Amino acid sequence: MSMLSPEEASRLTSAESLFPSPIPVQSVSSDEFMPGPQTPRQREFEQRVKEMGAQTAKRLGISRRRFFQTAAGMATAFLAMNDTYGPLFGVSRAEAQTPEQADERAARLSGQFIMDMHTHFLRPGTRLQGFVNQRKAVGKAGWNPGLVDKEQTIDDLMFTNYIKEIYLDSDTKVACISGAPSEIPDDWFLTNEMKAQARAAVNGLAGTKRIFSHAIFTPGYPGWMDQIDHALAELKPDSMKGYTIGDNTHKDLSKHPWRLDDEKLVYPAYEKFLKAGIRNVCIHKGLFPPSVEKQFPHLLPYSDVRDVGKAAKDWPQLNFIIYHGGYRWSGGGAVQDAWAQFEKTGRIEWVTDLAEIPAKHGVNNVYADVGQLFAQSTIADPRVAAVMMGQLIRGLGADHVCWGTDAIWTGSPQWQIEALRRLEIPEGLQKKYGLAPLGPADGPVKTAIFGDNNARLYNYKPQQRSELATDKLAAYRSLYDRHGAGRTNLAYGFALKDTA
């Protein structure tokens, strides 16, 4: 079953059918929202990266697919991005064409502490059977030999692949298992119990604290406060997560939208969180462009960030971590509209609004988890990504912008990690809009965003970090690097069909 309407579903194709570039060649999505169309520049990038990859692969005597699994292949993709969008990413032609140089850089940065507190996988028995067809398409295309002539089930895109994509194919050290609720119980991505069980399994396997888990809370749902009591007492979540839009996957069925600053409905839940020692409240915001607003205008007040300031001021003991940074323009919108809005007004909905909350409300407990803000804008127009990161840092502070990728919908998060490592705000935009540079890959700003901020929020201690280098997952990663098949560069979910 798809969470999209039949008309919307008819316009989609498997994201795994896209060209497996190290950087996705167009926007993809889960069932929660419609992906954006491939832009002319993305089409230009796709053609350029194919040609550049083929040329270097031929010179090295390997296949293009294998080349794009290497550090030099990743560098080549960012070089193609620069040739398409302008010099926004730190990469040289020497790095792209010299595997030894690229490998040296990758090895030097591989130990960087990266704490991704926004990841997903699907539950056993899910009704999202569209994912099965996507894996079948991969097998038929021959991109993943392990899928050829093998009957695919939805179980093939579950926990095991999540572990591979997050911990073996990327430099991520610590992650958080998230989820999404629904008015239809079977359509929750994962139940709260499933997230807690997966957390226990990963940490038991590793012998260290490698993974955290959310518990989803659903104000207004029948028995929702009892579910909070159960989660806090029995599941011991590391933080709570809510969707103020209500049912984001079935917007047409969303009967229980709510506001963060609803004193009667939600404030009693905050009291329970604090009593249980929970300080972090993660909130899905944004991904609600005008096209979606036209279909569900009544949900607009619950999708933007208008309710964040008062709640943060009323509850200074809590940290409100706004997922996707409130970025409006993904989920059926167009990054060109975000850029046009920025050029006209100097603002991008609702990212700029979020960034202004500390100054307007006198609070310091509002954070941005970048999520799809970064994933979608980086591949469609990295200028937008750079500007939004700059605005969030200016308004919230570099110590209040947090790393989250929404993986595994866009495949292994390694390309997102590399994108932030290399991204810089163009000097002209810095001067015109008063934005500070992002700095080097391992500089103070990016180090804070990649891991230090989340570590502080979740009290992840230096000793716990040091233990990661010698745990069982690190040993598996070492074996995988030597003998594994490598990163597939596949994305999961949906992309719009090419109608050109």
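**A walk through three helix stops**

Start by selecting residues 71–85, helix α4, together with residues 414–422, helix α19: these two pack at an angle of about 60°, and their axes lie 11 Å apart. Keep in mind as you go that this is a predicted model. Angles under 35 degrees would count as roughly parallel and 65 to 115 as roughly perpendicular, so α4 and α19 come out as oblique to each other. Turn the view and follow the crossing of α4 past α19, which is right-handed.

Now show the side chains. On the α4 side, pick M74, A75 and F78; on the α19 side, pick Q414, W415, E418, A419 and R422. Colour this contact by class and you'll get five nonpolar residues, one polar and two charged.

Next stop: select helix α17, residues 371–380, and helix α18, residues 382–396. Here the packing angle is about 140°, with the axes 5 Å apart. Roughly antiparallel needs an angle over 145 degrees, so α17 and α18 are also described as oblique to each other.

Which residues of α17 meet α18? Light up L373, F374, S377, T378 and A380 in α17, then P382, V384, A385, M388, M389 and L392 in α18. Colour by class again: nine are nonpolar, two are polar and none is charged.

Last, jump to helix α23, residues 472–483. Zoom in on its start, where a side-chain oxygen of D471 comes to within 3.3 Å of the backbone nitrogen of L473. Then try the distance tool between the end C-alpha atoms of α23: they are 16 Å apart, which agrees with the 16 Å that 12 residues should span at 1.5 Å a residue.

Terms used: Residues numbered from 1 in each chain as written. Predicted model: local features only at pLDDT ≥ 70, side-chain atom pairs only at ≥ 80, totals over all residues. Heavy atoms only, no water. Helix = DSSP H or I, 4+ residues; strand = E, 2+ residues; numbered from the N terminus. Expected span 1.5 Å × (residues − 1). Polar contact = N/O pair within 3.5 Å; in protein donor to acceptor, adjacent residues only side chain to side chain. Axes fitted to C-alpha atoms, helices over the stretch in contact; angles between N-to-C directions. Left-handed = near helix turned anticlockwise from the far one by under 90°. Contact = heavy atoms within 4.5 Å. Nonpolar A, V, L, I, M, F, W, Y, C, P; charged D, E, K, R; others polar.
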